[in-house]
There are 2 protein chains.
Amino acid sequence: MENYQDQDKILLAVDCIIFGFDKKNLKILLIKRDFEPERGRWSLMGGFLKKDENLDEAADRVLNHLTGLHDVYMEQLRSYSAVDRDPMERTISVAYYALINANEAEAELNEDFSAKWFNIHEAPNLIFDHNTMVNNAMARLRRRALTKPIGFELLPKKFTMKQLQTLYEAILDEKLDKRNFINKINALDILLKTEEKDMKSSRKGSFLYMFDEVKYNKKVKEGFAFKL
Amino acid sequence: MENYQDQDKILLAVDCIIFGFDKKNLKILLIKRDFEPERGRWSLMGGFLKKDENLDEAADRVLNHLTGLHDVYMEQLRSYSAVDRDPMERTISVAYYALINANEAEAELNEDFSAKWFNIHEAPNLIFDHNTMVNNAMARLRRRALTKPIGFELLPKKFTMKQLQTLYEAILDEKLDKRNFINKINALDILLKTEEKDMKSSRKGSFLYMFDEVKYNKKVKEGFAFKL
DNA sequence: TTTATTAGTGTTAAAATTTCACTTCTAAAA
DNA sequence: TTTTAGAAGTGAAATTTTAACACTAATAAA
């Protein structure tokens, strides 16, 4: 550790991997750049860290700028620092991934960015190292979804068991057994079963559930650990 | 994303959580600062990122500067960015943790830093947010040790089963059943049993094993996943 | 030759996970 | 009014995994 004066100062960016879910598929929100470098290509939404904010705040600001949303689930992923990752200027990027309710966001999307939702498996090639970021984010999301109740962030407040299962199948990219899934979820005892039914998906209709966050937090305090 | 010219440039540091193992306890290597700020207090070894290197390289350089070692297992942990984390100047730090063979390092420790090994449970309070970094590193190490064969990085090339078990007990901070542990390790089939015995620990002597990295890599290619 | 000490070795019970198929309900069609 | 089509909802049995557990072997030192 040497003195502070002689050190290189460097641009710090945050890039956001924004996940959504549309009843069927896991999606990411990308923007079409109309600025240099790489104008016209698809990329993650990003922005530079300012002197008076921390990285979480910067990520929140960047996400809000595009989606209009606040209080969104975000988690720092990691830093990307290849010397030539940005051809314009040396930039370190810290990636964050966000989980949002795609429907809510849709309405408020900032049109300045020509943003578009892509099915996670059909996303275009991205600039710089953004493909790597997305892959790393997917891996993190998969792991996290098994140990924290973050899936609910991607669903509307009220959802059916089937929707929840479909979501997990999309995240984990594998089919799950219906009975086992429901049994596991119910064993966790963190959902609130409403009286309402969703009649859109079937003749019979299926009950709507809500994530009971208060109950969950109480259980966590008592040593409970979410585990799917 | 705005233009690059108007953005704030910021100091970027790397800090290293250096883990070692001394036959019995998990340790971390700390330095006593003889420079400002916080002169005289204990801290992690750190340094600033230079324009022409990436974070991995910076972490390697910083580690080497203190220990004289290269080709050490290191993994990026995460970034720490509280606005006032460093009272001297706005600095973002990216933490790395390293696993080294404490014995090897001991000889080559750079004396300029008044470095000292501390039992992980007896470490002093550290400057800035370094305590948080250490805690986060411990959590990561625990998780990683269960899914990757990184424990061997902390041991000499040849080690006894008992040593390996003691290491895992130190990392996980819990007692393990001897027979179950050995059965699990043997089931993985990634160790090479040598003809040699370590006679220091008992009358009977115990066989020395080596991690068979070639075999491990081959198995990984065929879909094998380390899981303790 | 005895003793003291750690190394080394498998089985059994319990818990967790996986597999699997039929009935219920209701709207729409006949 | 009755039939039909299609998803919702429900639990037991088999398998796999994990956890608990105690004695013999080997050797150096006494």
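User: What lies 3.2 Å from a polar side-chain atom of B:Arg179 on DNA strand D?
Analyst: That partner is a base nitrogen of DNA strand D. The pair fits the cut-off for a polar contact, which is two N or O atoms within 3.5 Å; within protein, one must be able to donate a hydrogen and the other to accept it, and residues adjacent in sequence count only if both atoms are side-chain atoms. In the same style, a base nitrogen of strand D is 3.2 Å from a side-chain N or O atom of B:Asp177, and a polar side-chain atom of A:Lys178 lies 3.0 Å from a base nitrogen of that strand.

User: Nice. Which elements give two or more residues to the surface near strand D?
Analyst: They are H5 and strand S9 (206-211) of chain A, together with H5 of chain B. Helices (H or I, at least four residues) and strands (E, at least two) are DSSP runs, numbered from the N terminus. H5(A) has the largest share, 4 residues.

User: Before I go on, what kind of model is this?
Analyst: It's a predicted model, where local features need pLDDT of at least 70 and side-chain atom pairs count only at pLDDT 80 or more, while totals for chains, interfaces and linings use all residues. Residues are numbered from 1 along each chain as its sequence is written, chains are lettered from A and ligands numbered from 1 in the order in which they are written, and side-chain values use heavy atoms, with hydrogens and water left out.

User: OK, how many residues surround strand D, and which are closest?
Analyst: There are 17, with A:Lys178, A:Arg179, A:Lys204, B:Asn180 and B:Arg203 the closest. A residue is near a strand if one of its heavy atoms lies within 4 Å of it. By class, that surface has 2 nonpolar, 6 polar and 9 charged residues. Here Ala, Val, Leu, Ile, Met, Phe, Trp, Tyr, Cys and Pro count as nonpolar, Asp, Glu, Lys and Arg as charged, and the others, Gly among them, as polar.

User: And strand C, which residues come nearest there?
Analyst: Of the 18 residues around strand C, the nearest are A:Asn180, A:Arg203, A:Lys204, B:Arg179 and B:Lys204. Of the strand C atoms within 4 Å of the protein, 35% belong to sugar or phosphate and the rest to bases. For strand D, the sugar or phosphate figure is 36%.

User: What does A:Arg203 have 3.4 Å from a polar backbone atom?
Analyst: A sugar or linking oxygen of strand C. Base nitrogens of that strand also have partners: a polar side-chain atom of A:Asp177 at 3.3 Å and one of B:Asn183 at 3.2 Å. The elements giving two or more residues to this surface are helix H5 (178-188) of chain A, plus helix H5 (178-188) and strand S9 (206-211) of chain B. H5(B) gives the most, with 5 residues.

User: Switching topic: where is B:Glu53, and is it buried or exposed?
Analyst: B:Glu53 sits in the loop between strand S4 (45-48) and H1 of chain B. It counts as buried because its relative accessible area is 7%; buried means under 20%, exposed over 50%, and partly exposed in between, using a 1.4 Å probe and protein chains only.

User: What does B:Glu53 touch?
Analyst: Leaving out residues up to four places away in sequence, it touches A:Val83, A:Arg90, B:Phe48, B:Ala58 and B:Arg61, where contact means heavy atoms within 4.5 Å. A polar atom of the B:Glu53 side chain also lies 3.0 Å from the backbone nitrogen of B:Lys50.

User: Which peptide bonds are cis, for my backbone check?
Analyst: One joins A:Glu36 and A:Pro37, with omega about -10°, and another joins B:Glu36 and B:Pro37, with omega about -5°. B:Pro37 lies in the loop between strand S2 (26-32) and strand S3 (42-43) of chain B. B:Glu38 is in the loop between S2 and S3 of chain B too, and its phi is near 70°, a positive value in a residue other than glycine.

User: Last one: how far apart are the end C-alpha atoms of H3 in chain A?
Analyst: They are 26 Å apart, which agrees with the span expected for the 18 residues of H3 (residues 130-147) at 1.5 Å a residue. That expected span is 1.5 Å times one less than the number of residues. Buried residues of H3(A) include A:Met133, A:Ala137 and A:Leu141.
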